[in-house]
Amino acid sequence: MRYVIIGAGAVGGVIGGRLAGSGHEVVLVARGAHFEALRDHGLRLRVPEGELTYRLPVVDGPAVLGGLRPDDVLVLAVKTQDSAAALQTWAPAPVAGGGTAAERLPLFCAQNGVESQRIALRLFRRVYGVCVWLPSTYVEPGVVSAAGHPLTGILHLGRHPHGTDDTARLVAADLEKSHFEAPVVADVARWQYAKLLSNLGNALEAVTGPVDSEEAAALFRRVRAEGAAVLDAAGIAYASAGEQQEVRGVKVTLVPLDGAPRGGGSSWQSLTRGTGTIEADYLNGEIVLLGRLHGVPTPLNELLQHLADTFARERRAAGSMPVGELVRLADAAVGATR
């Protein structure tokens, strides 16, 4: 199988690099300065064993490939706000022997949240969810890092909306030869919703900085509890904290990497890079949506969604709001719903 990594940034670049390192054929898809650096200098992957460089084919769209192969596996790793555009680009791409990517090829959504695979299923016949436990960082154009040890990450795989098949098992086997654990599960959404609850803190971190004070941690517990109440009201199952810890153990322990500090998660990185967009609409915003559908107030997640969107749109500095100010805003938002 050949892996086409659509969005070779922090997550996609690490997955692509690790697959290439274990001998698998990989094509990277990128744009702008990142595309140019990958094309000219290769993918530089900083991991606990050092910096590894992979000279891989890199494209900015399907036309450059001159047609896809029947054995291609598409891995969608863009941020959710960029999913629709990427899917519209790749769905009609022709596959050798006839048909299109949407008709013939498997698409694995290696992303936060749960929305991308729903978007994908409107176009692609074979969609797979991936629950991504992969601490990774886009360091600079052409350079990504992953500080996990002894494993780089844990990637639960399964068909969307449910089930497993031989393709999922083949991909999992390749990942497990590439520094990942990749359980194949029939209920991948249950793991993704559990991860979603953790990702509700991404906006908090992006707005106020690391959640390393008791004040910030207490606010995150309130945000997460609000999210759990919404999932419970919606009848959506999610893996428990104990179940997640049993799977993770100490398999993905962060170690310091030279030249690749781990500043923060994906939303913090978006603000730091000044991309102008952020994925809060599909993390906190997913809880807000479900809350509105099921009659559960979500003032804390609505506040974080609004603040994260504002910070991204106005290109404010990551972590520039004092946590005390955010707590006051949160208390006022909760009070307004009573």
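## Two cis prolines

Pro150 sits in strand 11, which covers residues 148-150. The peptide bond leading into Pro150 from His149 is cis, with omega near 5°. Bear in mind that this is a predicted model, so the geometry here is computed from predicted coordinates.

A second cis bond turns up between His160 and Pro161, this time with omega near 10°. Pro161 is not in a strand but in the loop that links strand 12 (153-159) to helix 6 (166-176).

## Positive phi without glycine

Follow helix 6 onward and you reach His179, in the loop between helix 6 and strand 13 (180-181). His179 isn't a glycine, yet its phi is positive, at about 75°. With a relative accessibility of 35%, His179 counts as partly exposed.

Arg315 does something along those lines too: its phi is near 50°, again a positive value in a residue other than glycine. Look for Arg315 in the loop between helix 13 and helix 14 (323-336). Its relative accessible area is 52%, and because the exposed class starts over 50%, Arg315 is exposed.

## Two nonpolar cores

The largest nonpolar core has 37 residues, and the members touching the most others are Ile15, Leu28, Leu157 and Leu175. Helix 1 (residues 10-21) supplies the largest share of this core, 5 residues. Take Leu175 as a way in: setting aside neighbours within four places in sequence, Leu175 is in contact with Ile15, Leu19, Leu155, Leu157, Phe180 and Ala182. There is also a second, separate core, made of 36 residues, with Leu219, Val223, Val296 and Val334 among them.

## Helix 9 against helix 13

How do helix 9 and helix 13 pack, at what angle and with their axes how far apart? The angle between helix 9 (residues 214-234) and helix 13 (residues 299-313) is about 115°, and the axes are 8 Å apart. Angles of 65 to 115 degrees count as roughly perpendicular, so that is the label for this pair.

On the helix 9 side the contact is made by Arg222, Val223, Glu226 and Gly227, which meet Pro299, Leu300, Asn301 and Leu304 of helix 13. By type, the contact residues split into 4 nonpolar, 2 polar and 2 charged. Val223 is also one of the residues in the second core.

## Two buried strand residues

Ile6 belongs to strand 1 (residues 2-6) and is buried, at 3% relative accessible area. Beyond residues up to four places away in sequence, Ile6 touches Val29, Leu74, Val75, Leu76, Ala77, Val78, Ala86 and Trp90. Ser270 lies 264 residues from Ile6 along the chain, and their C-alpha atoms are separated by 18 Å.

Leu43, in strand 3 (residues 43-47), is buried as well, with 1% relative accessibility. Counting the same way, its contacts are Gly13, Gly17, Leu28, Leu38, Leu52, Thr53, Tyr54, Gly142 and Val144; Leu28 is one of the residues touching the most other members of the largest core. From Leu43 to Gly227, 184 residues along the chain, the C-alpha separation is 37 Å.

## Cysteines

How many disulfides does a search of the whole structure find? The count is 0. Cys109 is in no disulfide, and its nearest cysteine sulfur, in Cys131, is 13 Å away. Seen from Cys131, the closest cysteine sulfur is that of Cys109, and 13 Å is too far for a bond because a disulfide needs sulfurs within 2.5 Å. Cys109 is buried, at 1% relative accessible area, and Cys131 counts as buried too, at 1%.

Technical notes:
Residues numbered from 1 in each chain as written. Predicted model: local features only at pLDDT ≥ 70, side-chain atom pairs only at ≥ 80, totals over all residues. Heavy atoms only, no water. Core = buried A, V, L, I, M, F, W, Y, C linked by side-chain atoms within 4.5 Å. Buried < 20%, exposed > 50% of the residue type's maximum accessible area, 1.4 Å probe, protein only. Helix = DSSP H or I, 4+ residues; strand = E, 2+ residues; numbered from the N terminus. Contact = heavy atoms within 4.5 Å. Axes fitted to C-alpha atoms, helices over the stretch in contact; angles between N-to-C directions. Parallel < 35°, antiparallel > 145°, perpendicular 65-115°, else oblique. Nonpolar A, V, L, I, M, F, W, Y, C, P; charged D, E, K, R; others polar.
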